[in-house]
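Okay, thanks everyone, let's get going. I'll put the structure up and then walk you through it.

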Amino acid sequence: MDAYLEEELYDLITYCIQNSDASDYATKEDRIKEIGHELFTDGGVDALENMYFSIEHRVREEISKDAKPYRSLWNGISSEWNY
């Protein structure tokens, strides 16, 4: 399941980075939030950290952009996650 979520999360974040003015931008952000909740339910904060670590590096390497601003979409899932 994590591999599918990682691919979906990568696609969503790269889409948001590259299309910040798209009409479906908010829908994509909402799905990013949902993925965070799914990950947290399955593995807690460690699952969030592990997934985002991977995503940040993929985005940086593959499209030379920074995914860090999207970490804050998962704020509120846990008091331990605050970016």
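**Salt bridges, a bent helix and a core**

So, straight in: there are nine salt bridges in this structure, where a salt bridge is a side-chain nitrogen of Lys or Arg within 4 Å of a carboxyl oxygen of Asp or Glu. Before I go on, the housekeeping. This is a predicted model, so local features need pLDDT of at least 70 and side-chain atom pairs count only at pLDDT 80 or more, while totals for chains, interfaces and linings use all residues. Residues are numbered from 1 along each chain as its sequence is written, and side-chain values use heavy atoms, with hydrogens and water left out.

Right, back to the salt bridges. As general background, side chains of opposite charge can pair when their charged atoms come close. Which residue does R58 pair with at 2.8 Å? The partner is E7, and that 2.8 Å is the distance between the closest N and O atoms. This pair ties distant parts of the chain together, with R58 in helix α2 and E7 in helix α1, 51 residues apart. When I say helix, I mean a DSSP run of H or I, at least four residues long, and strands would be runs of E, at least two, all numbered from the N terminus.

R58 has a second partner too: its side chain meets that of E62 in a salt bridge, 3.4 Å from N to O. Here both residues lie in α2, four residues apart, which is about one turn of the helix. Put the pieces together and you get a network of salt bridges linking E6, E7, R58 and E62.

Is R58 buried or exposed? R58 counts as buried because its relative accessible area is 17%, and the cut-offs are under 20% for buried, over 50% for exposed, and partly exposed in between, using a 1.4 Å probe and protein chains only. E7 comes out as partly exposed because its relative accessibility is 38%. The same label goes to E62, at 47%. If you skip residues up to four places away in sequence, R58 touches E6, E7, Y10 and I63, contact meaning heavy atoms within 4.5 Å. Also, E62 and T14 are 48 residues apart in sequence and 9.6 Å apart in space, C-alpha to C-alpha.

One more salt bridge for the list: E38 pairs with R31, with the closest N and O atoms 2.7 Å apart. E38 is partly exposed, at 31% relative accessible area.

Now for α2 itself, which runs over residues 25-63. How far does α2 span between its end C-alpha atoms? A straight helix of 39 residues would cover 57 Å at 1.5 Å a residue, but α2 spans only 19 Å; the expected span is 1.5 Å times one less than the number of residues. There is also a kink of about 130° in α2, centred on G43. The bend at a residue is the angle between axes fitted to the seven residues ending there and the seven starting there.

K28 is also in α2. Its C-alpha atom is separated by 21 Å from that of D42, 14 residues apart along the chain. K28 is partly exposed, at 24% relative accessibility, and beyond its neighbours within four places it is in contact with L12, Y15 and C16.

What follows α2? That's S64, with a positive phi of about 55° although it is not a glycine. S64 counts as exposed because its relative accessibility is 61%.

Last stop, the core. In soluble globular proteins, nonpolar side chains tend to be buried together. A nonpolar core here is a set of buried Ala, Val, Leu, Ile, Met, Phe, Trp, Tyr and Cys residues joined through side-chain atoms within 4.5 Å. The largest one has 25 residues, and those with the most contacts inside it are L9, I13, I32, L39, V59, Y70 and W74. The elements giving two or more residues to this core are α1 (2-18) and α2. Its largest share, twelve residues, comes from α2.

Take L39 from that list: leaving aside neighbours within four places in sequence, L39 is in contact with D2, L5, G44, A47, L48, M51 and W74.

That's me done; over to you.
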